[in-house]
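Student: I'd like a close look at one charged side chain and its partner, please. From there, feel free to work outward to whatever helps me picture the rest.

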Amino acid sequence: MIARKFTSATSQSLRVCVVGSGPAGFYTAEKMLKAHEGAEVDIIDRLPTPFGLVRSGVAPDHPETKIVINQFSRVAHNERCSFFGNVSLGSSISLSELRQIYHVVVLAYGAESDRVLGIKGEELKGVHSAREFVWWYNGHPDFSNMTLDLKNTDTAIVLGQGNVALDVARILLRSPTELATTDIASHALDALRESSIRKVYLVGRRGPVQAACTAKELREILAIKDLNINIKEADLVKTSADEEEMKNNRIRKRVFELLSKASSTSGQTSGQRELDFTFFRKPDKFLESDHRNGYVGGVHFEKTTLKGNGDSGYQIATGTGEYEDIKCGLVLKSIGYKSIPVDGLPFDHSKGVVPNIKGRVISSYDVSEAEDGLYVCGWLKRGPTGIIATNLYDAEETVASIYEDVSKIELTSRKPGREGLLELLESKKIKFFTFDDWKKIDFEEKRVGSLKGKPREKLTTWKDLLQVK
């Protein structure tokens, strides 16, 4: 219905720029192309490669999740859609320049930074964000040369118990032989083959009922061959508040059931590797190693207990004043991604999102006046939550807002759109990548991968990627 209205209610010269080529960006482009038969949609991305977190975030042993790339490729092949890779918002081109060229600019560039704990020792070597680790093993060019020491310790601590935390723990514990048939980056596979890590702690502030992962992800890590699972029985004791949470949330109930079942078989596997689910602990500070100056040697945790937060049913973790140390040589913080603002863009630093109402960018939540022609979608709009498909509904809402706004005005002012962008990039001597250039990268990666029994061997450095053009 929106598509029919959009076509009849607007002029045929709508020029749209989508910043970011991940799921939020491609779903937005797809919805725009369907909703307005005269729209030209250009997708820009700072990387030469499209698909955002589908390429650099989805775990290499989850190929089924990456099938959505086929759908996005069909969008890119639409004659009214163009991809411009290696074009960075802020350095290559400014937001104000884009707004002058296009009727509509949709920001969907996601979250490329991390939340910090702000505790002592966070700067120690060996303390990394889960995002950095994920980008490293997925061959993101920003992290192909990341220094990651997996040899000098047998223990890693993962802070957080969401799906990303389970992903990184699984990659650390899974057999490199199994990973060798995936599209994992070769430098990561080599490092994992030589890894000394045999024990991983997955640490959460709250209890097993509140674990933020999904049953599917949990089931997968529990199924790793020859892996000892450790869960304290005392942590599985439920309160009436826990029972209420599970009654209202089917996923939490299923996750708790899986953890309980895993606990009953704890210690029955003669495996060389261990996974320890540690609940009711919050990091107080990172401890320096006794043997290596400047390196992490452990984490000082405060024990927690849960307290109700008003009538919401949500239980928060509060410190008890009791502490314990867990030794390790590697810490991966899976405590949340964070978006980065750009010049000229309203930004809510406390929430890490762009203030918006149904995708319309507003100057602040106090002043709900919308910025003309400026919209937002994906993590930049709602925060780093949800699965790939969540961005589909997000894009539908944003595109519906664009439809409402465009239908109220006549597009009398001609905007150069793609022509203007090409002129600007040429004047700045920016070497941009088209979707055909990406197909050359894609072909080369698949060709080399086929020689190694892998679906692809990713080009992982800026130099190698840029040489393809």
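Tutor: Happy to! Let's start with Glu 40, which has a relative accessible area of 23% and so counts as partly exposed. Keep in mind throughout that this is a predicted model. The side chain of Glu 40 meets that of Arg 15 in a salt bridge, with 3.7 Å from N to O. Arg 15 belongs to strand β1 (residues 15-19) and Glu 40 to strand β2, so this pair ties together parts that are 25 residues apart in sequence. Arg 15 itself, at 16% relative accessibility, counts as buried.

That strand β2 (40-44) leads us to a helix, as it is among the elements covering the buried residues of α15. Strand β3 (81-84) and helix α5 (95-101) also take part in that cover. Which residues of α15 are buried? They are Arg 418, Gly 420, Leu 421, Leu 424 and Leu 425. Down the axis of α15 they fall within an arc of 160°, so they line one face of the helix. On the other side of α15, Glu 423, Glu 426 and Ser 427 are exposed. After α15 comes Lys 429, in the loop that leads to α16. Lys 429 has a positive phi of about 55° although it is not a glycine, and its relative accessibility of 74% makes it exposed.

Phe 280 makes a good companion to that residue: here too phi is positive, about 60°, in a residue that is not a glycine. Phe 280 sits in the loop between β10 (273-278) and β11 (281-288), but at 18% relative accessibility it counts as buried.

Back to salt bridges, of which the model has 45. The side chains of Arg 360 and Asp 405 form one of them, at 3.0 Å from N to O. This pair links distant parts of the chain, with Arg 360 in strand β17 (residues 360-362) and Asp 405 in helix α14 (residues 390-407), 45 residues apart. Arg 360 is buried, with a relative accessible area of 15%. Arg 193 and Asp 190 give a local example: their closest N and O atoms are 3.9 Å apart, and both residues lie in helix α9 (residues 186-193), three residues apart, about one turn of the helix. Asp 190 is partly exposed, at 44% relative accessibility. There is also a network of salt bridges, which links Asp 61, Asp 167, Arg 170, Arg 174, Glu 178, Glu 217 and Glu 220.

One member of that network, Asp 167, takes us to the nonpolar interior, for it is among the residues that Tyr 137 contacts beyond its neighbours within four places in sequence. Others in that group include Ala 59, Pro 60, Val 168, Ile 171 and Ile 184. Tyr 137 and Leu 172 have the most contacts inside the largest nonpolar core, a set of 54 residues. Helix α7 (residues 163-173) supplies the largest share of this core, seven residues. A second, separate core has 37 residues, among them Ala 24, Val 41, Val 104 and Cys 377.

Charged residues can be buried as well, and Arg 456 is a case to look at. Where does Arg 456 lie? In the loop between α16 (435-451) and α17 (462-467). Its relative accessibility is 14%, so it counts as buried. The side chains of Arg 456 and Glu 445 are joined by a polar contact of 2.6 Å. Leaving out residues up to four places away in sequence, Arg 456 also touches Arg 55, Thr 182, Asp 183 and Trp 438, among others.

Let's finish with α11 (residues 240-248), where Asp 242, Glu 245 and Met 246 are buried. They cover an arc of only 95° around the axis, which puts them on the same side of α11. Ser 240, Lys 247 and Asn 248 are exposed on the other side. The cover over the buried residues of α11 includes α12 (250-264), β12 (296-308) and β13 (315-327). The loop between β12 and β13 holds Asn 309, which is partly exposed at 41% relative accessibility. Not counting residues up to four places away in sequence, Asn 309 touches Tyr 314 and Ile 316.

Notes. Residues numbered from 1 in each chain as written. Predicted model: local features only at pLDDT ≥ 70, side-chain atom pairs only at ≥ 80, totals over all residues. Heavy atoms only, no water. Core = buried A, V, L, I, M, F, W, Y, C linked by side-chain atoms within 4.5 Å. Buried < 20%, exposed > 50% of the residue type's maximum accessible area, 1.4 Å probe, protein only. Helix = DSSP H or I, 4+ residues; strand = E, 2+ residues; numbered from the N terminus. Contact = heavy atoms within 4.5 Å. Polar contact = N/O pair within 3.5 Å; in protein donor to acceptor, adjacent residues only side chain to side chain. Arc of directions from axis to C-beta. Salt bridge = Lys/Arg side-chain N within 4 Å of Asp/Glu carboxyl O.
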